[in-house]
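The following exercises concern the packing of helices and the surroundings of a ligand. Please study the sequence and the structure before reading each solution.

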Amino acid sequence: MKKSAPTKNSNSVGADFFHSAILFLLPPELYMQRILQKIRSNQWAVMGILNVTPDSFSDGGRFNKLDNALKQALLMQEQGAEVIDIGGESTRPGAVPVPLDEELERVIPVIEKIRQNSDVAISIDTSKPEVMQAALAAGASMVNDINALQAEGTIEVCVKHQVPVCLMHKQGSPQTMQDSPQYQNVVDEVKQYLEARASACFEKGVTKENIIVDPGFGFGKTLENNLYLLREMQQFCALGFPVLVGVSRKSMFGVLLGRDVEDRLVASTSAVVIAYQKGARFFRVHDVAETCDALKLCAAVET
Ligand code: 7PJ
């Protein structure tokens with residue numbers, strides 16, 4: 001029988017000899033650079049979501065305890081996630097802001113615990129400079145900020161640590177953003193915003209290689225806005241930065257299909273496939289194993 005063709009994406013860290021040899025020589029803080037290099041060379045990567053909030057909307061506090069958080073991170077890594085995104089502040093529509101101390105208490109022990117047990121790259125999902133600083137010191141190697149580094153001091157922390165940053169678009173704040181999103185042209189406005197935030201970062205010393213952009217599905221967007229962003233995904237890819245896509249289990253699928261959050265796997269994964277076909281290569285998801293299967297198929301078809 002003919003041997004099946006290898007897929008383009010060797011997704012697990014250390015999957016082939018060359019890859020593992022390079023990784024062996026790299027300190028963990030450089031794994032993230034290697035993942036971005038992979039994305040720039042047209043291979044995909046998955047970021048697994050680990051919410052450590054008592055109120056995160058789709059895994060409702062289940063991973064709140066340290067051991068469960070570690071188990072979930074290791075499981076996602078085994079399933080093919082190359083980055084674990086840790087967030088201690090829920091940003092679902094209507095969520096209330098979390099005080100600094102509480103956010104630190106939620107995320108730092110989890111980062112330390114994962115660092116002690118795994119070399120998987122860790123991204124910190126926060127908008128606060130103090131949380132970024134503490135997370136990077138504890139072993140995170142990427143910043144994911146839904147506020148695109150607009151808070152004072154955030155760019156400086158990222159420059160100091162020379163880490164990749166994801167700049168995400170949103171309109172309004174999580175408390176009110178879904179009340180009545182307004183755009184003349186959502187694609188143009190999101191592109192302009194992302195370019196402006198990238199310029200602000202360059203001016204303060206962030207390097208081009210360290211910038212990732214994200215159109216911010218569901219953050220101050222109607223269903224039609226979200227569908228238009230997905231339809232025009234190639235325009236975000238043309239900005240010249242890796243594009244991170246976060247559609248996992250989002251309420252756009254609830255609105256479109258009338259499905260509860262636990263029944264959005266097929267729609268979420270299908271949206272990932274659409275985004276892939278339009279050029280996106282980096283995906284932030286809850287359902288790592290299923291998404292990796294879909295992406296392996298996408299890459300195999302392209303080879
Ligand atoms: C996103 C995020 C996203 C990036 C959240 C949820 C809500 N970060 N953080 N992109 N969404 N970069 O997980 O559904 O879409 S929180």
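**Exercise 1: Helix packing**

H7 passes H8 in a right-handed crossing; a crossing is right-handed if the near helix is turned clockwise from the far one by less than a right angle, and left-handed if anticlockwise. The model is predicted, with local features needing pLDDT of at least 70 and side-chain atom pairs pLDDT 80 or more, while totals for chains, interfaces and linings use all residues. Residues are numbered from 1 along each chain as its sequence is written, and side-chain values use heavy atoms, without hydrogens and water.

Task: Determine how H7 and H8 are oriented to each other.

Step 1. Helix H7 (residues 186-203) and helix H8 (residues 223-231) pack at an angle of about 70°, and their axes are 9 Å apart. Axes are lines fitted to C-alpha atoms over the stretch in contact, and angles run from 0 to 180 degrees between N-to-C directions.

Step 2. H7 and H8 are therefore roughly perpendicular (65 to 115 degrees; under 35 is roughly parallel, over 145 roughly antiparallel, the rest oblique).

**Exercise 2: Ligand contacts**

Task: State which polar contacts the side chains of Asp214 and Asp125 make with the ligand.

Step 1. A polar contact is a pair of N or O atoms within 3.5 Å.

Step 2. In the side chain of Asp214, an N or O atom is 2.6 Å from a nitrogen atom of the ligand.

Step 3. For the side chain of Asp125, the corresponding distance to a ligand nitrogen atom is 3.4 Å.

Notes:
A polar contact is a pair of N or O atoms within 3.5 Å; within protein, one must be able to donate a hydrogen and the other to accept it, and residues adjacent in sequence count only if both atoms are side-chain atoms. Helices (H or I, at least four residues) and strands (E, at least two) are DSSP runs, numbered from the N terminus.
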